[in-house]
Amino acid sequence: MSSERSRRSSAVHPPSATVPSAPPLPAALPASRPLQRARDAAYRFIGYPPSPPSSAQNPGDDQPWLSGRLPTLGATENATASHKTGLEINTIAVNGSGTHVLLGGKEIFKTVKVENGVCIEEINLRTAIRSTPTSASGRPRQTYSIDIADVAWAKGNSSHFVAAATSSGKIILYDLGHAGIQAAQLHEHFRQVHKVTFNPHSGNLLLSGSQDGTVRLWDIRDARDQASTLRSKRKYSGQSDGVRDVKWSPTDGVDFAFGTDSAAIKPLLVREPRLVRARIERHLLILFFIDVGWVQCWDMRNLNAPKVRIPAHALSCNIVDWHPDGKHLASAGSDKTVRVWDVSGHRRGKASWEIKTPYPVLNARWRPSCESSMPTDNGARQCTQLVTGYDREHPVLHLWDLRRPALPFREMVPYPSAPTDLTWHSRDLLWTVGREGVFLQADIQHASKVIDKRNLQTFDVSSSGEVNFVVQKRGQQRRSRNLSSKRNTTTSLLGTSNAPITTDAATGAPIDFVAPKLSALTLVSRSWQDDSLDHSFLSIRPARQTKRSNGGVKAPSSSHNPAILVLDQILHNRMSFSPQQLVVRGILPYHVDPKVFRFLASNYARIPHLAAEADEMLAGSLLRGLQRNHDVAETAGLYQLAQTWNIVGFAADNFLKAGAGSISAVANGTGAPVGGEGGRKGVEQGGDDSPSALGRLLPELLRYYTGRGDAQTATQMMLLLVPLLPCSRPLPDDVAEHNVLAYQDALSLAGCLPQEIAAIVNQHLAHLVPKGLNPLQVESILSTYHEQLLQNRLFAEAASIRKLAFPAFPAVYEDYMTDNHVHLQCSKCGKPVERGAEKHRCEGGDTGMEACPYCWEASSPFGMGRLMATCLLCNHSMHAGCSKEWLGSGGGDGCAVEGCLCRCVEQG
C-alpha cells in the first residue's frame with residue numbers, strides 16, 4: 001500500500017520541481033545458454049575449442065573503429081591530440097570500444113577518455129588504490145610500490161577488468177567497477193613480466209610473458225569469486241632466457257606467438273689431426289656462445305612443443321605482431337631488422353620479407369587494414385604497412401610499406417626521446433606514450449612523407465667507369481604548411497599541428513604542451529583506400545581494358561563483413577605496384593675499360609725516373625718506349641691512341657734528327673749527345689709555330705688528356721718527352737716563384753731541413769720551369785694516375801710511380817710512407833694474416849694457420865724470432881731460423897713438412 005502511494009505521489013509531482021533524470025540502466029548481460037557452465041568446466045580439463053568461423057575470419061567486427069576512419073573525422077581535419085600527465089608513462093592499452101585508454105607506469109595508473117580530439121581523465125586507479133585500506137577479500141591491503149611494466153584491458157563480457165604487470169613478477173587484476181580494490185593477484189612468475197594480453201575472442205583468457213622464460217595462461221573468471229590469488233591454467237616454456245612479447249592470433253582463439261631473447265651454449269668437436277704433434281694431439285672442445293632471438297607459435301591446448309619455432313634474429317626478439325590474415329607474423333629485434341614469417345606451414349624456416357631499419361627496433365605494430373584499390377578485389381581489405389619505434393636515443397617513428405621496403409613511407413618525431421609504447425586506435429590515428437609523461441594521438445595522414453625529403457634525382461660513378469642515375473618527376477605535394485623550427489626546439493606532433501614544441505636544452509623535456517587546434521588550412525585528404533598510392537611513393541599500373549559486361553553497374557561489395565587479403569596474395573601473386581622512376585646505367589664517355597687500363601699499365605714502357613736531360617742511352621730508351629706504347633695501344637684496339645703515339649714519335653724523330661742525324665744512330669748509341677746546341681738550333685730553325693716543336697706539343701697533349709680524365713696517357717707522355725724538351729718556353733717569373741714557395745712550405749711541413757729542401761728543388765724541380773711545365777700540374781697528374789692504379793689493384797705499378805715521385809712530389813707518396821706493415825700470407829685463402837703470427841689464425845677463414853713444422857713454437861728457438869720463410873714451390877712455411885737449422889746442421893734436403901716431397905733446395 002505504501003509503495004502504491006509513493007508511486008502516485010511521484011506521478012503527480014509538479015513539473016516545476018527540478019528532479020534529476022535517472023541514470024541509464026547498465027547494458028544487460030547476454031542470456032546464458034543451457035549447459036554453458038558445464039561446458040566451461042569441461043573446457044578447463046580437456047582444453048578450449050577453436051573460435052567459431054565467423055569470429056575467426058573477422059575478429060574486428062565488434063571494433064568497427066579499428067578498420068577505418070572515424071565517422072566524426074573530417075576529410076581535411078587534423079585529429080592530433082595530447083594529454084599531459086607530468087609522469088613517465090611506460091605502457092598503454094585500449095578498451096574494446098576504442099573510447100578509453102589505460103596508462104601505466106612507475107608513478108601512474110589511470111584511464112583517459114578520448115572523444116573528438118578531447119582527452120578527459122576518468123579513473124585514477126593509483127589514487128584509488130592508495131586510499132583503499134582493504135583488498136577484495138576484506139583483508140588489509142599490502143603496501144607495495146606499483147612499478148607497472150605493461151597493462152592490458154579485457155575484452156567482451158570481461159571488459160571491466162584490467163591487468164597490470166609489475167617488475168617484481170606480480171600481475172594484479174583490477175575491476176574498474178571497484179577501482180580501489182584489486183580483484184586478484186597472479187603471482188607465479190619469479191622475474192619481471194614483460195607482457196600481458198587478453199584473448200580477442202575469449203576476453204577472460206589472459207597470457208603473460210616473463211623474463212623467467214615462461215608464458216602462462218590465466219582465466220580471470222575465477223576472480224569473480226573474490227579469490228585473492230589466482231592459479232594459472234597452463235604453463236608454456238620458451239626454453240630461453242626471457243620472453244619479451246606475446247600476442248594472441250587475430251583469427252584463431254587458441255593460437256598465440258611470443259618472441260624471446262636467448263643465450264645458449266652450443267658445443268662442437270673440432271678434429272685437426274695434422275694441427276699438432278703426438279704430444280698434444282687430442283680433440284679440442286670449442287664452446288660457441290650464440291645469442292639468438294626466437295619466435296615461437298603455440299596452440300594453447302598443447303603443452304609439449306610449439307607449432308613453429310624459428311631462430312628469427314641475431315640478437316633479442318623484442319616484438320611480435322600478427323598480420324590481420326592470421327597466417328603471417330612480424331618480428332622485430334635489436335639486430336635492426338623486421339622480418340615477416342609465414343607460420344601457416346609453407347615457409348616456416350625462412351623469412352618471407354625483411355625490412356632493414358636504421359636503429360634497433362623496440363616497438364612494431366601492423367597498421368589496420370584499408371580497402372584495396374584493385375577493382376578485382378571487390379572491396380576486400382589489405383594490410384601491407386607497419387610502424388616501428390626504436391631505442392631511447394632515436395625518437396623517430398617510421399611507417400614502412402612492404403611493397404617498397406627499402407624506404408620508409410612516413411616518419412614522425414612525437415617526443416624528444418623514443419616512445420615507450422604505441423598502439424593503433426584506427427587506421428589514421430596512432431596512440432603513443434613516452435617518458436615525457438604525454439599521451440599523444442597522432443594523425444598519421446599529417447605525418448611527413450620521407451620521399452618528400454629525399455632527392456628524386458641522384459647519380460653515382462663507380463671506379464670501373466659505370467654511371468648510374470635515377471630520375472623521377474615529383475608530383476604536387478599536398479601537405480600542411482611548412483613548419484619552421486628554431487634553435488633548441490624539437491619539431492614534433494605534440495601541441496598544435498603548425499607549431500613546434502620548445503624543449504629544455506639541458507634535459508630535452510618539453511617545456512609546454514598546447515592543446516591541438518583543428519585547422520582548415522591543412523590540405524591532406526583522407527580516404528578509405530590505400531594512401532600509399534600517391535604516385536610519388538607507390539603507384540598502380542593501369543588495368544587492362546576488358547569487354548563491357550551486360551550486367552551494367554557492378555553491385556557494391558558488402559562492407560559489413562569485408563574479407564582480409566592474404567599477404568602473399570598482395571605481394572607475390574600481383575605485381576601491381578611499382579615506383580615511377582627512370583633508371584639509366586652506362587659507361588662514361590671518356591672512361592677506359594678497366595681491363596684495357598690494366599693491360600696498358602702492365603705493358604707500357606717503364607721509366608725509372610723523371611730525368612732533366614737525355615743522353616744517348618736514355619734517348620734511345622725513350623724512343624723505344626714511344627714505339628712500344630704505340631704497339632701496345634694498337635694491340636688493345638685503341639687505334640686513335642696508337643696514332644697519337646705515332647705522331648709523338650715522329651715529332652721526337654724530327655727533334656733528334658736536328659741534333660743527332662738519325663733515329664737509328666741515337667738508338668744504337670753512335671750519335672752525338674742530345675740536348676746540345678745543335679738540338680736547340682734545330683728547334684729554333686723550325687720555329688715555335690712548327691707542329692713538330694716538342695716544347696709546344698707536350699703542353700697541348702697534357703691539356704687534352706687531363707681534360708678527358710686520362711691520367712694514364714698524360715703520365716706516359718710526360719715521362720717520355722720531358723727529358724727531350726728544350727728549355728725554350730719557361731714559365732712566367734711569378735708562376736715559377738709561386739711554385740717554389742709552395743713546395744718549400746710542403747717539404748718544410750714534411751720535416752725536411754732547409755738544405756734538403758734546396759737540394760730537392762734544384763735537382764728535381766728546377767728543370768721543369770724552363771721547359772714550360774708547371775710542377776704542381778705534374779704532381780697532380782702523377783697523383784691521379786697513382787690513385788687509378790690503386791683502384792685497379794695494380795700495386796706494383798703504383799709502387800713504381802711512388803718511387804719515381806720521391807722526393808719531389810709528396811702528394812703522391814706521403815700517405816704511403818707511414819703505417820706500412822709486412823704480413824704473412826695465408827696458404828689457404830691468400831689473404832694477409834693481420835692478427836700476428838703468434839696467434840696463427842687467418843682473417844679470412846675459421847681454420848687456424850699451420851705452425852712451424854720444425855719447432856712448433858710461436859718463435860724460433862734458433863734465432864731470427866718470428867720471421868717466416870716460405871717455399872715458392874710447395875707454399876709451405878717455417879721459421880727462417882728453423883729453416884737455416886734444418887737445411888744446415890739438421891741435415892734436411894727438402895721441405896720440413898711431414899709427407900711433402902718438395903725439393904726446396906737443389907743439391908749441387
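This is a short walk through a predicted model, going from the whole chain to a few spots worth selecting.

**Start zoomed out.** Show the full protein as a cartoon: 908 residues, of which 46% are buried. You'll be looking at 19 helices and 42 strands. Among contacts with a separation of 6 or more, 57% link residues 24 or more positions apart. Switch on a surface and you have about 47,800 Å² exposed, with carbon and sulfur atoms supplying 53% of that area.

**Select 310–344.** An unreviewed UniProt entry lists this stretch, along with 186–228, under "repeat: WD". Colour 310–344 by secondary structure and you get 63% strand and 0% helix, with the C-alpha atoms at its two ends 13 Å apart.

**Select 711–721 and 775–791.** These are helices H13 and H16, whose axes come within 9 Å and cross at roughly 130 degrees. That angle makes the two helices oblique to each other, and the crossing of H13 and H16 is left-handed. Now turn on side chains. Which residues of H13 meet H16? On the H13 side they are Ala-711, Gln-712, Ala-714, Thr-715 and Met-718. Their partners in H16 include Val-778, Ile-781, Leu-782 and Tyr-785.

**Step along to Arg-793.** This residue is in the loop between H16 and H17. Check its backbone: phi is near 60 degrees, positive even though the residue isn't a glycine. Most residues other than glycine have a negative phi. Is Arg-793 buried or exposed? It's exposed, at 61% relative accessible area.

**Next, Lys-803.** You'll find Lys-803 in helix H17, residues 795–805. Lys-803 is exposed too, with a relative accessible area of 67%. Draw a C-alpha to C-alpha distance from Lys-803 to Tyr-813: the two are ten residues apart in sequence and 8.1 Å apart in space.

**Then the Phe-806 to Pro-807 bond.** Look at omega here; it's near 0 degrees, so this peptide bond is cis, while most peptide bonds are trans. Pro-807 lies in the loop between H17 and helix H18 (810–813).

**Jump to Trp-856.** Here's another non-glycine with a positive phi, about 55 degrees. Trp-856 is in the loop between strand S40 (832–833) and S41. At 22% relative accessibility, Trp-856 counts as partly exposed.

**Finish at 880–887.** This is helix H19, where Ala-880, Gly-881, Cys-882 and Ser-883 are buried. What do they pack against? Show strands S41 (868–870) and S42 (877–879), and you have the answer: the buried residues of H19 pack against both.

Methods
Residues numbered from 1 in each chain as written. Predicted model: local features only at pLDDT ≥ 70, side-chain atom pairs only at ≥ 80, totals over all residues. Heavy atoms only, no water. UniProt positions renumbered as here; feature names shortened; annotations may be inferred. Helix = DSSP H or I, 4+ residues; strand = E, 2+ residues; numbered from the N terminus. Buried < 20%, exposed > 50% of the residue type's maximum accessible area, 1.4 Å probe, protein only. Contact = heavy atoms within 4.5 Å. Areas by Shrake-Rupley, 256 points an atom, 1.4 Å probe, with all protein chains shown as cover. Axes fitted to C-alpha atoms, helices over the stretch in contact; angles between N-to-C directions. Parallel < 35°, antiparallel > 145°, perpendicular 65-115°, else oblique. Left-handed = near helix turned anticlockwise from the far one by under 90°.
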